[in-house]
Structures are given as C-alpha cells and as structure tokens.
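Biologist: Can you pull up the model for me? I'd like to go through a few parts of it.
Modeller: Sure, here it comes.
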Amino acid sequence: MSTAELAPRPPSGSAIARPPRERTSSWPLADRIGYWLCWAVGIGLCLIALGIVLFMLVKGISYLRPSMFVESPADEIKQSRSGGFLDPLVGTLIVAVVGIAIAAPTGVAIATWLSEYRRPSWLARAVESAIEMIAGVPSVVLAIFALIIFVQPFLGFLSDTDAGGAVSGKSFFAAGAVMAALALPLVVASTREALAQLPDRLREASYALGRTRSTTIRRVLLPAIRPEIASGTALGLGRIIGDTAIITLVLGLTLTNEGVGHVPVISTLRGTGSTLTSYIYTNSPAGEGGSPQKAYAAAFVLLLIVLALNGIVTMLTGGGGDRDGGLLNRAFRLIPYSSRLNWR
Amino acid sequence: MDRDPLTAAPSRGPRRIRRWATGRTDQRVERTLGALAVATLALIGAMLVTVLVKAWPSFSNNGLSWFGPGGDIESQLRAMAESKALPGHSILYFRAWPLIWGTLLTTVSAVLIALVVSTLAAIFLTEFAPPAVRRILDPVIRLLAGVPSVIYGLIGILVIAPYIDNHWISNARKASVGYVVQLSGADVMTASLVLTVMILPIMVSISAGALASVPASWREGSLALGVNRWRTIWRVSLRTARPAIVAATVLATARALGEAVMLSMLSGGRGFAPNLLDGLTFFFEPVRPLAATILQNAEGLTIPALAHTIYAIGAVLLISAAMLSLAGWAAKQQFKRYGVRA
C-alpha cells in the first residue's frame, strides 16, 4: 500500500471540518502500523459477521423446507424422514414467554426500588451486587441449581412426578423460571439506567401537583421510559432464545413437547420438550442426532429471530442515537449497568 | 421514616387524582417492591449456599488435591457414573486439574487475543472510522453479540474443525500422540478462537464507550502540543480509558468461563490436559473446560457421587464468577478517583 493513497488532502477551505481520512504520511512507522491494524481489525470484524450471515443464509436456504415449520421431529436416522422443527419452535416461544413474563415485571420492580426508593441503602447495595453477580454466573450453574429446587416434592405440581413419587424437575415452567434469571439483569440494567437519566424536574413537577411517589412512578416515570423497558426486555428475550445449556438440563430434551396432565395449557407447561437451540445442539455432530442439514435449517431460523430482535432493539433505542451525548453507551445496552461508563 | 413534604401536602386536585394519591399506598408500594428485591437477593443467596452444600462431600473427600492433577479424569467420572470406585480410591476420588487447565487455556488465550483486538477495534470505531463505516460496524458488533453460542458451535464443528483436521493436522502428527489422545480438529486452538469472537463484542462496546467519553479537551491539548493522533490516542485516550478496559476484560472473562455449549461442541470434549512439551501439537489437543463438563455429565445428576462432583465444579465456577464481579467492582473504584461516575 503506498502512502500516497493514504493521505488525501483535505478539501480546501474546510479548516473546521474533519478531513475525510487521517493523514498519516508524517507519522512514524510504528504509528502507521497501528493505524492500519485498526482498519484491519474493523474490516475483519465486518467480514466475520458477513461470513456468518452469508454462510447461514446459504445453508439455510438450501436446507430449509416450508414443511419443516409444520412437522414434528421424528426419531429417524435418515435426515429426509426425521421431520421438521415445529415442536422446538413452539418450545422456544413458550420458554421465552414464560421467562419474560417472570423477568420483566420483577426486573422493572427491582430497578424501580433500586432507583427511586433504595432504603435502607445497605440493602440496596446488596441487591445491586447480587443482580450483578447473576449476570456473571454461568447459565449451566443456574441450571444445576434449578434442578435442586424443582425436584423438591412440594414443587411437584410444576413438573412430572413418576410412579415412585420422585419429581423430575424438568418442565417448561422450570426452564422458563431459570431463563428469567438470565434476562433479569438486562431488564434491571436498562430500566435503572433510564430512570437515572430522567430529569429530576419530572419528579418535582409531579410532587408539586400533590402526587405521591408511587403515583409518580406509575403515571409519570414508568410511562416515560417505556421504550427503554421494552428494549431491555427484547435484549433479555434474545438471551433467553439463544441459551442452550439451561434447555439441555432443565427442559428434558424430549423430541416432541410432551404434556403432563390433562388441563390444556398447564399440561404443556408442566411437560418436557425442546427448543430451537437444543434442537440444533442435538442434531449437530456434538449431539446424538447427527443430521446437520436439520441443524443448519433450524440455526437459520434462530438467527433470523435473533436478527429481528436486534432490529427491534435498534429501533427502540432510536438507532443507537445519543440522547444523552454518550456516543455508544445507548447503542450497547447489552452491558450491565454498572459496567457501562457515564462520564459526566 | 422521613416524610416527604411534597407528598405529605394535602391534595386538592380533581377526584380522579385523589383516588390513588394517598400516603398509605405509597408505603405499601415501597414495601412490595423492596420485598421483591429482597426475595431475589435471598434466592441468589440460597443458590450460593445450596450449591456449596451439595458440593461439600466432593471437596472434603479430596481436600485441596481436588484442584490438582492425578490420573485419567474420564475414568474417574465413569467410575462415579457406574457407582464402582476405582481400585484403592474412594468413590468420590476426583482430580480436576485437566478441566481447570482446559478452562484456563481457553479463557486466558481468548481474553488476551480479544483484549488486543477489541482495543484496536474500539480505537477504530471512535477515532478513525469514517461515519459510513461506523454505521456498518455498530450493528455488526451488536449482531456478533447476539448470535447464540450454539450457532457459533455449529459453524465451528461443521466448518472450522473439519478444515483444521484436513489441512492443518498431518497424519504424522496424529500418529505421534495417537496412543494418548485422538486429534480431530476440535481442539484448544479452535475453541479459543471461536471464544474470542464470542467475547469480542462486549469488550469492543465497553472500550469504545470509554474512549468516546474521554474529554475532548484532553486530547486537543495533546494534539495542540504537536503530538500526532495515534500517540494522542495511545498516551491520553487509552490511558484514561484503562479502568473501563479492565472492567471489560473482567466481564469478558466471566463470559468465557461460563460458556458451556460452544465449548462442549468445539473443544474436543475430552478431559485431557494439553502438554506444552508437545510443541505445535499442543494447539491441536482436545480439552474440556469446567462448564462444558457439567453440561456433558448432566444426565448423571441422579447418581449421588457424580452429582456431588458436578456441583463441586459448579461451585468453583460460581465462586470464580463472584470473584470476578468483585474484581470488576474494584476496577470501578478507580473511576471514582478521577471523579467519574461509573
């Protein structure tokens, strides 16, 4: 690469505007190497992402059949006869709904308490660090903990009980509950951050109108941060949909979704099943299934779901816009609150 | 409890407002929310205690040698699964060193590579990238962060591992260690590289956020002294953002430690401690990190001895996670010295 092309002259008369590209011809060699390494890394990241998306697209299109969406998986060695992934798709949906139904209200409540009340403060600090800790706990560990909890006899109504009275502990209820722990820190983080960024005059105006704190929270603050709550929820949803370890351990990994009992919805929730992630895992060479074509097709669908969620988050956060001036802070809401920087 | 004068003031608004504007509701709401937070706290505390209690037999039986090397770990796990103690040992006999070594290898190498790459990427993103490129790179990083680990694992095991197996590992190399371990392309190197890609996005985003918020006047001061852009970034911006980069590293380490699915697909899945003395072959030897071991032995949770061992592994991971979150907290204390709110 010649240095001439690295150093386009800034357009004349634009002393204030930044030149289109850095002029590096006067830099020492080491600095120039650093500069080009930066470019290489940036382009490399784009290429990796492009590679993943294109590869999955090609594989997905070549192996995906519309019938896969309506057929249940079958226990066949031949890939052409092993059915589709209707049950895993439904399973993903159920786990996501159960998980978010628990995580979203709890997360918003905890974040509100942490940000608006936080009395006594030592307790608030303890809760804060605990939430931060579950954000770092491996999901397998959450799963094996859940297996201790959900096999307790008094929780038998949440899963299957065999003839000997032993509780299996594996059900959509259980998996959803563990997933909630995965999504909780994300919901708490984005709600808290949004609440912290609301100007105090909003609260003061509401108090001045004679409203109590709880009313202010319910009628003023929470409605004001609805997009942030939604984006935190969407991020949590992405985390739930993408997790495999918990599903493998806590959902029982049956080929189809097996109900327990006779009440329509409850029976499914008490039963075992699989999700797209576990379907991919078991059909990959790492699992027993060994039908990579099905795995590719399911992975493609999963990637599409994740991409759609990503798009929703971007939309909700205004395209990663910087309402608060922080360049990237708002764009990357996947980071726990306390690890994000808010340099004022 | 101190009463807020604003809330204590009589409300003479329209009827609709009065309905929910009473001090008693306020107290009730505070208590409910607080109770929920405390319940979560209690649940997390219960998790710590339960896992440690379940793990205790394994630790007490093996003592500190639990962490040390000794014998073939696969036969130890099999002995527990079959409830047949190895000759001369207790049923709980377990030496986790191969797993710990595997975890250290994959995590440390992935984090080190990611540290360099993410710092460069963050500099690129905040300083050099033209707006058009930045508009592409932003969603790209978010996409990489969102791809589920099982998809990384799938691509790795169906594409990268066979490629390495066919093109990088010669038959002679396979034969040279064939009496101890099979080389298949699913190995330390593949696992670490894919793990690097997985933890990159979070590191890039935190570092970029920190670099972007370095006060412009500091950099301008350096530029005005005639220091070129790169050195300004190196000496001023990076140094200011160092605590954030440390925090990002800590967070990424936690992620890498806990990754089970991708690693169980891609690391070879065999409890083996790669030997540095094997030279280049070292990179192609299989490992099985702690988290992946839990995943692969999960069916054995009904067997008491194996369950104790699995919970012991879980306890090690749990304590490491707690330590890391403590380290992250300590790193954050540094921000405060600079008068920065973290």
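Biologist: Which domains is chain B divided into?
Modeller: This is a predicted model. In it, chain B splits into domain 1 (5–67) and domain 2 (73–82 + 93–337).
Biologist: What distance separates the centres of domain 1 and domain 2 of chain B?
Modeller: Taken over C-alpha atoms, the centres are 33 Å apart.
Biologist: And how many residues does the contact take from each domain of chain B?
Modeller: Domain 1 of chain B puts in twelve residues, and domain 2 of chain B puts in 13 residues. On the domain 1 side, eight are nonpolar, three are polar and one is charged.
Biologist: Switching to the two chains. How many residues of each are in contact?
Modeller: 99 residues of chain B contact 87 residues of chain A.
Biologist: Which helix of chain B gives the most to that side?
Modeller: Helix α3 (residues 23–62) of chain B does, with 17 residues.
Biologist: What is that side of chain B like by class?
Modeller: It has 68 nonpolar, 22 polar and nine charged residues.
Biologist: New topic: α6 of chain A. Where is its kink?
Modeller: At Ala183(A), shortly before the proline Pro185(A). The kink is about 40 degrees.
Biologist: What span should the helix have, at 1.5 Å a residue?
Modeller: Helix α6 (residues 172–197) of chain A has 26 residues, so it should span 38 Å. Its end C-alpha atoms are 37 Å apart, which agrees.
Biologist: Is α6(A) largely enclosed or largely exposed, and why?
Modeller: Largely enclosed by the rest of the structure, because 24 of the 26 residues of α6(A) are buried.

How values were computed:
Residues numbered from 1 in each chain as written. Chains lettered and ligands numbered in written order. Predicted model: local features only at pLDDT ≥ 70, side-chain atom pairs only at ≥ 80, totals over all residues. Contact = placed C-beta atoms within 7 Å. Helix = DSSP H or I, 4+ residues; strand = E, 2+ residues; numbered from the N terminus. Nonpolar A, V, L, I, M, F, W, Y, C, P; charged D, E, K, R; others polar. Domains from an automatic or database assignment. Expected span 1.5 Å × (residues − 1). Bend = angle between axes of the 7 residues up to and from the residue. Buried ≥ 20, exposed ≤ 12 C-beta atoms within 10 Å, placed from the backbone.
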